[in-house]
Amino acid sequence: MSRHIVFSILCSSLLAAALTSSTQRSVAAASVTFPAPDAAMRTAEPNPPILGVLTSFGSRRAMGYVSPDLVRRQLDELGAVSYRDGIVWASFRFPPDAPPQMVERRRIMNFLPIAGRSPLLVLGAPDQEPAAVGAPFTDTQVEQYSAFVKQVVEITKPYQPIYEIWNEFNLKVGHVFPGKRLTGAGDASDPRAAIYYAPLARRATQAAKAADPHAKVVVGAVGDDPDWAWTKAIVRAGALEGADGLSVHLYNHCAPVRTATEMIERTEQLEASLTPLTGGREVPLYITEFGWPTSKTRCGLSLDHSAANFAQFVLLSATLPYLKGIWAYEVKDKGADGQDIEQNFGLFFHDDRPKPAACLFRTAADVVQRARHIDLQRPEPEIFVLRAVMDDHQLVVAWTTRAYDRRSARFDGEPKSASRMCGPAVPPTDVILTEAPVVVRYDLVSAPTIALDN
């Protein structure tokens, strides 16, 4: 046999071996197996993040929030255990040598007794406008704000709220969004600068705890903050002193990547950047606004895309132990103008019909709130497989963020049923993964296995 023939055979053998090895690696990388739940998984106490939704009873304008009973039912339909609303400083007057007096009783005071769940209350909106430059509040105003916080806590503590100190301080001066965005931490010439928020947060936290030592207080309510520069600055300046956590807002509807994954990864980046500032201690995070509008504009998402994002975000939130709560923006659309982004963030339409997001939010919430144990695997960057161990069964929830490159999956390990979330049943042996998660049920003795079609 000639050397040429021997060399050809050797090359062919090496190539076949390489292809086999490559195929094996591909199959291994595209398969997921969860061990059967052990005793620790089956008996763990459920510890979900708080799942809430925003309402607007604290605003002067109704914006569709006219029936407290209806909104309570909508919160029930969403499976929300909390809601976020506000009590404003501007509703109070400050007589000399006397506690602040509420002189404008907004609708939130009527909703609190019937809401049926604990609120997250934003405390802000000044009676006076901050100064144009320098410290945003005078010493007198800081003391008035602290007295206002103390009075609100005394009035509302029977409802066991979480209190949030201000709202998007880094974006607004009083009620006004300046034309120029704040860069980083800001400097002394900008009233939105981090150096002004930190002492206000500390003083307000002290006031809340003085009124109720058991009050839970979160600071920040940070608006859009590239690389979390302003957020890190307020933590360095002591804004977390005495507080129970940090609140941030997450949006990406006008960004190139508009997925729930992007927002979860930003949350992970934030936590990783904060622990060096706190001596390695975990910082409890509260995402007090997130959402995707369904407006018919460049930044609007389709009803189905928005709904899938909500479901994914709720599911992923349960995989971060330091993420203590999330509040979707918001219960219902503020108006019926499809061209106005701000009017189209609701989980319900303005006329109170549910959007697809309402069902997916509720179904994902049911998984998260009832699970005794949750673990997540990502066999590929765009593919997610989450396992939730319940009292008498386990669920495997899978989805992809590849909107236009869907994959087929086979669920082995004796699945009992499979269906698209808020959709029809599907055969577990041949499931097309989409952005809308598929939910597969197993009994507690099974070891679920998911194989992806490469």
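Here are three worked exercises on the structure above.

A quick note before you start: this is a predicted model, where local features need pLDDT of at least 70 and side-chain atom pairs count only at pLDDT 80 or more, while totals for chains, interfaces and linings use all residues. Residues are numbered from 1 along each chain as its sequence is written, and side-chain values use heavy atoms, with hydrogens and water left out.

**Exercise 1.** Work out which strands pair with β13 and whether β13 is buried or exposed.

*Solution.*
- Step 1: find the strand. Helices (H or I, at least four residues) and strands (E, at least two) are DSSP runs, numbered from the N terminus. β13 covers residues 383-389.
- Step 2: look for partners. Two strands pair if DSSP finds at least two bridges between them. β12 (residues 373-380) pairs with β13 in the antiparallel sense over six bridges, and seven bridges join β13 to β14 (residues 394-400), also antiparallel.
- Step 3: check the connections. A hairpin through two residues leads from β12 to β13, and one through four residues leads from β13 to β14.
- Step 4: pick out single bridges. His373 has Val389 of β13 as its partner, and Leu386 has Val397 of β14.
- Step 5: judge burial. Buried means under 20% relative accessible area, exposed over 50%, partly exposed in between (1.4 Å probe, protein chains only). Seven of the seven residues of β13 are buried, so the strand is largely enclosed by the rest of the structure. Ile383, Val385, Arg387 and Val389 point one way, Phe384, Leu386 and Ala388 the other.

**Exercise 2.** Find how many disulfides the structure holds, and give the handedness of each.

*Solution.*
- Step 1: count them. A disulfide here is a pair of cysteine sulfur atoms within 2.5 Å, and the structure holds two.
- Step 2: take Cys254 and Cys299, which sit 1.9 Å apart, S to S. The torsion about their S-S bond is about 120°, so this disulfide is right-handed. Cys254 is partly exposed at 40% relative accessibility, whereas Cys299 is buried at 5%.
- Step 3: take Cys359 and Cys422, with sulfur atoms 2.0 Å apart. Their torsion is about -100°, so this disulfide is left-handed. Cys359 belongs to helix α10 and Cys422 to the loop between β16 (417-420) and β17 (431-433), 63 residues apart.

**Exercise 3.** Decide whether Ser91 is buried or exposed, and list its contacts.

*Solution.*
- Step 1: locate Ser91 in the loop between β3 (82-88) and β4 (92-93).
- Step 2: at 3% relative accessibility, Ser91 counts as buried.
- Step 3: contact means heavy atoms within 4.5 Å. Leaving aside neighbours within four places in sequence, Ser91 touches Gln101, Met102, Val103, Glu104 and Arg106.
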